[in-house]
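Hi everyone, thanks for making time for this one. I'd like to walk you through a structure, so please have a look at it with me.

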Amino acid sequence: MNFNQIKWCLKQNKGINLVEPNESISENYLRESLSDFDMIERANPKWKTVTAYYSCYNSVYAILVKIGVKCEIHDCTISLMELLGFDKKEIKFLDSLKKERVDVQYYLKPSSLFIVKSQVLEFLNRCKEIIKEMNDDKINEIRSKIKELT
């Protein structure tokens, strides 16, 4: 886990902040991620990449909202994934998708990733699994680890 990255994020104005956990908003983010997922096949290659990324990102953000973490810097959200229970392969998947999204959206590069809808669905299902496993003890443990880094 990159503790230096998380520490940096904790110092940023729109970085990592502990807030009240919110089940309702968490569910809204998860619904949004599923809505984005449904749009993937209908999008052109550029927007397919953007939509796939936001589908995955919003599902991770749903976990953060559930445990009471606000973070508006995408790299900081990704830096918290290991703490949430994701493995290195899952973290690399979202990070690669983010880089691809930035390239196609802001630098107008052609999409170089072949977005496989099944990979995105697997990622979304993993997020749902993590959300289901989030009980009060697990939430308090994660929040305590974040507080230790401040």
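Let me start with a definition: a residue is called buried when its relative accessible area is under 20%, exposed when over 50%, and partly exposed in between. Val19 comes out at 33% relative accessibility, so Val19 counts as partly exposed. And please keep in mind that this is a predicted model.

Let's stay with Val19 for a moment. You'll find Val19 in the loop between strand S1, residues 17–18, and helix H2, residues 23–39. What does Val19 touch, if we leave aside its neighbours within four places in sequence? The contacts are Gly68, Val69, Lys70 and Arg143. Compare that with Lys99: Val19 and Lys99 are 80 residues apart in sequence, and their C-alpha atoms are 28 Å apart in space.

Now let's step back to the whole protein. The secondary structure adds up to eight helices and two strands. Reading from the N terminus, the order is α-β-α-α-β-α-α-α-α-α. The radius of gyration is 15 Å, close to the 15 Å that the globule rule gives for 150 residues, so the protein is as compact as a globular protein of that length. If you prefer a box, the C-alpha trace spans about 45 × 30 × 25 Å along its principal axes.

A few more overall numbers. Of the 150 residues, 43% are buried. Take the contacts between residues at least 6 apart in sequence: 73% of these join residues at least 24 apart. The accessible surface comes to about 8500 Å², and carbon and sulfur atoms account for 49% of that. As for charge, there are 24 positive and 22 negative charges, and the mean positions of the two sets are 4 Å apart.

That brings us to salt bridges. How many are there in the count? The answer is ten salt bridges. I'll show you three of the pairs.

The pair to begin with is Lys14 and Glu72, whose closest N and O atoms are 3.7 Å apart. This salt bridge links distant parts of the chain, 58 residues apart: Lys14 sits in the loop between helix H1 (3–11) and S1, and Glu72 in the loop between strand S2 (69–70) and helix H4 (74–79). Lys14 has 47% relative accessibility and so counts as partly exposed. Glu72, at 42% relative accessibility, is also in the partly exposed class.

Next up is Glu23 with Lys66, where the side chains meet in a salt bridge at 2.8 Å, N to O. Here, too, distant parts of the chain are linked: Glu23 belongs to helix H2 and Lys66 to helix H3, residues 45–67, with their positions 43 residues apart in the numbering. Are these two residues buried or partly exposed? Glu23 is partly exposed, at 41% relative accessibility, while Lys66 is buried, with a relative accessible area of 10%.

Then we have Glu90 and Arg126, with the closest N and O atoms 3.1 Å apart. Glu90 is in helix H6, residues 88–106, and Arg126 is in helix H7, residues 117–133, so to speak a link between distant parts of the chain, 36 residues apart. Both Glu90 and Arg126 are buried. Salt bridges that share partners also join Lys14, Lys70 and Glu72 into one network. You've met Lys70 already, as one of the contacts of Val19.

Let's finish with three single residues. Leu108 lies in the loop between H6 and H7. Leu108 has a positive phi of about 55° although it is not a glycine. At 63% relative accessibility, Leu108 counts as exposed.

Thr51 is in helix H3 and is buried, with a relative accessible area of 14%. Beyond its neighbours within four places in sequence, Thr51 is in contact with Asp36, Met39 and Ile40.

Lastly, Lys98. Where is Lys98 found? Lys98 is in helix H6. Why does Lys98 count as buried? Because its relative accessible area is 11%, and the cut-off for buried is under 20%. Not counting residues up to four places away in sequence, Lys98 touches Tyr53, His74, Asp75 and Ile78. The C-alpha atoms of Lys98 and Gln119, 21 residues apart along the chain, are separated by 15 Å.

Thanks for listening, and I'm happy to take questions.

Notes
Residues are numbered from 1 along each chain as its sequence is written. This is a predicted model: local features need pLDDT of at least 70, side-chain atom pairs count only at pLDDT 80 or more; totals for chains, interfaces and linings use all residues. Side-chain values use heavy atoms; hydrogens and water are left out. Helices (H or I, at least four residues) and strands (E, at least two) are DSSP runs, numbered from the N terminus. Buried means under 20% relative accessible area, exposed over 50%, partly exposed in between (1.4 Å probe, protein chains only). Contact means heavy atoms within 4.5 Å. The radius of gyration is taken over C-alpha atoms; the globule rule is 2.2 Å times the number of residues to the power 0.38. Accessible areas come from the Shrake-Rupley method with a 1.4 Å probe; for residues, only the protein chains shown count as cover. Lys and Arg count as positive and Asp and Glu as negative; His and the chain ends are not counted. The place of a charge is taken as NZ of Lys, CZ of Arg, CG of Asp or CD of Glu. A salt bridge is a side-chain nitrogen of Lys or Arg within 4 Å of a carboxyl oxygen of Asp or Glu.
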